[in-house]
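Here is a set of questions and answers on one structure. Look at the chains first, then read on.

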Amino acid sequence: MSASRTFRVLPGFRLTLGYTLAYLSLIVLLPLGAVFLKTATLSLAEFWTVVSAPRVVATYKLSFGMSLAAAAINAVFGLMLAWALVRYAFPGKHLIDALIDLPFALPTAVAGIALTALYAKNGWLGQYLEPQGIQVAFRPLGVLIALVFIGLPFVVRTVQPILEDLDTELEEAAASLGAHRWQTFRHVILPVLLPALLTGFALAFARAVGEYGSVIFIAGNIPMVSEITPLMIITKLEQYDYTGATAIAVVMLVVSFALLLLINSLQAWTASSGKTGTGRDR
Amino acid sequence: MAAATTLAWTGAARADAATRFEAQAATREAPWVKWLILGISLAFFAVFLLLPLVAVFVEALRKGWETYWSALAHDDALSAIGLTLTAAAIAVPLNLVFGVAAAWAIAKFEFRGKHFLITLIDLPFSVSPVIAGLIYVLIFGAQGWLGPWLAEHDIRIIFAVPGIVLATVFVTFPFVARELIPLMQAQGREEEEAALVLGASGWQTFRHVTLPNIKWGLLYGVILCNARAMGEFGAVSVVSGHIRGQTNTLPLHVEILYNEYQFAAAFAVASLLALLALVTLTVKTWVEHRAGSGTPSSKAQQDAAS
């Protein structure tokens, strides 16, 4: 490895790295830097007034609260789905496996209007839920459902490969030592899955916090009730309040960067525990 | 960030996992537990994933084929299709070239700050699409840094096609690079070095040695990149200005129709995008299958994914 630093056989290092850095700076880094520069034109007190306004704080509560709830729901049901897809044989399995990625492939606006068609007052499901007193559309619950839709594949796709790599021997050993199936799951399988499960949870959460398209239709965007933080940025922009929009964007960016760092370390943990804990290739 | 979207090269391993674990009592649940897990997870799948997809097509055809076709053949719809194709036709090749260059530099050479660079490449995935639009408004918008200069020279970027392309490039930025970096890292550089020692030029080496090795990963990245490019809503919505027939992409056209209570037309246009999603998933599954079956380097690819 270190030899190649002094003598590189392959050509194109300067060209490709130079191009990579130039393109990255031009498209991503400089524009993102603009957000922070723009915020610097605000005094700290002004910044604080914008980001702590009651209507804005209500959007944080909704966005972060519902994103956490959606990620938690996805962690539970995503794990069950991954388990079913890996451990059981059933008809239509390959089709369902392929469709798990639908939220990645389906444009968010399409998901948004489809979910609204299902959960609106006179919608497919809404017409049965409404008489029970369960309002989904235009309520926080609607936001939650959109975020569950958007986050599900993150959990399934991070847990699935780890489940596939699990050794049968581990569980056989547990069973031969007298463990019940539940004990085996709780004390043998779950600890191995935990890093991947947490990674999937964090990925789903990070995606949900920034999500816009699939949420705004079903949310109805009622101030103080069902407004999400990304929508607040758009609202400020539409009022030509660029600094206000930017201040809120900075709050979201700081949270996103913190999540990115967390996810990176979680993924490193997943990779290392995947190698030591399991793996048929050992 | 994109871990869940990267290609899991496990087609072959996937088939035998179920039989492996269901073969013996020690690694198998009681039947009632199995059916409970299957029942709950499949019901969850049906309600949260399948039902919205079905709803798109049923709502699109609610008023019959005639309404459906007239919604798609409308001038505004056609121009939205044109703009969506244009944006994708610019954004995907740009990010394809970048992805190959970045993966070549990162996978074939050692340098300091490599992990940091990979994290930076991932950034657009962790930024809200709305912010992706906002950053270009801050630079090119009327009140932005370059706004006065652009106005002087009569160049429009925000509320015009260039802004839409820029926002699309930003949100699809990591797709190809994210796919190729782990793949090319796992493949190492021995094959390329051998080609060079045998007298091939750098370009010949890339064309005849590297490219065949990465073709499936490349295709995979391009498909996902394209799906996102054509379907992006939030970022494009901020920079578009929603001018009908001029700066409307397909997802924005869906929103406009929906907000005008033209539900059947909105779902008709949405069904086009849903079809695109289904095609994307089909090609993606096919690529996974091809990549996972028996090619000599498929093992390396599996390791790369894990």
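A residue counts as buried under 20% relative accessible area, as exposed over 50%, and as partly exposed in between. The model is predicted.

Q: Is A:Phe138 buried, partly exposed or exposed?
A: A:Phe138 sits in the loop between helix H8 (126–129) and helix H9 (140–165) of chain A. Its relative accessibility is 42%. Buried needs under 20% and exposed needs over 50%. A:Phe138 is therefore partly exposed.

Q: What is the phi of A:Phe138?
A: Most residues other than glycine have a negative phi. A:Phe138 is not a glycine, yet its phi is positive. The value is about 65 degrees.

Q: Which loop residue of chain A, between helix H12 (213–219) and helix H13 (229–238), is in question here?
A: This residue also has a positive phi, near 55 degrees, and is not glycine. Its relative accessible area is 24%, so it is partly exposed. The residue is A:Asn221.

Q: How many residues does each chain bring to the contact?
A: Contact means heavy atoms within 4.5 Å. By that cut-off, chain B gives 101 residues and chain A gives 103.

Q: How much area do chain A and chain B bury between them, and which three residues of chain A supply more than any other three?
A: The buried area is about 9600 Å², with 77% of it on carbon and sulfur atoms. On the chain A side, three residues supply 8% of the area buried against chain B. They are A:Leu10, A:Tyr88 and A:Trp124.

Q: Which residues form a salt bridge with an N to O distance of 2.8 Å?
A: The rule finds two salt bridges across the interface of chain A and chain B. The cut-off is 4 Å from a Lys or Arg side-chain nitrogen to an Asp or Glu carboxyl oxygen. At 2.8 Å, this pair meets it: A:Arg181 and B:Glu29.

Q: Which helix gives the largest share of the side of chain A that touches chain B?
A: Between the two chains there are 14 residue pairs in polar contact. The chain A side divides into 74 nonpolar, 15 polar and 14 charged residues. The largest share, 17 residues, comes from helix H2 (residues 13–39).

Q: What feature does UniProt place at residues 60–263 of chain A?
A: The span is 78% helix and 0% strand. Its end C-alpha atoms lie 21 Å apart. The unreviewed UniProt entry names the feature "domain: ABC transmembrane type-1".

Technical notes
Residues numbered from 1 in each chain as written. Chains lettered and ligands numbered in written order. Predicted model: local features only at pLDDT ≥ 70, side-chain atom pairs only at ≥ 80, totals over all residues. Heavy atoms only, no water. Buried area = accessible area lost by both parts, 1.4 Å probe. Polar contact = N/O pair within 3.5 Å; in protein donor to acceptor, adjacent residues only side chain to side chain. Helix = DSSP H or I, 4+ residues; strand = E, 2+ residues; numbered from the N terminus. Nonpolar A, V, L, I, M, F, W, Y, C, P; charged D, E, K, R; others polar. UniProt positions renumbered as here; feature names shortened; annotations may be inferred. Buried < 20%, exposed > 50% of the residue type's maximum accessible area, 1.4 Å probe, protein only.
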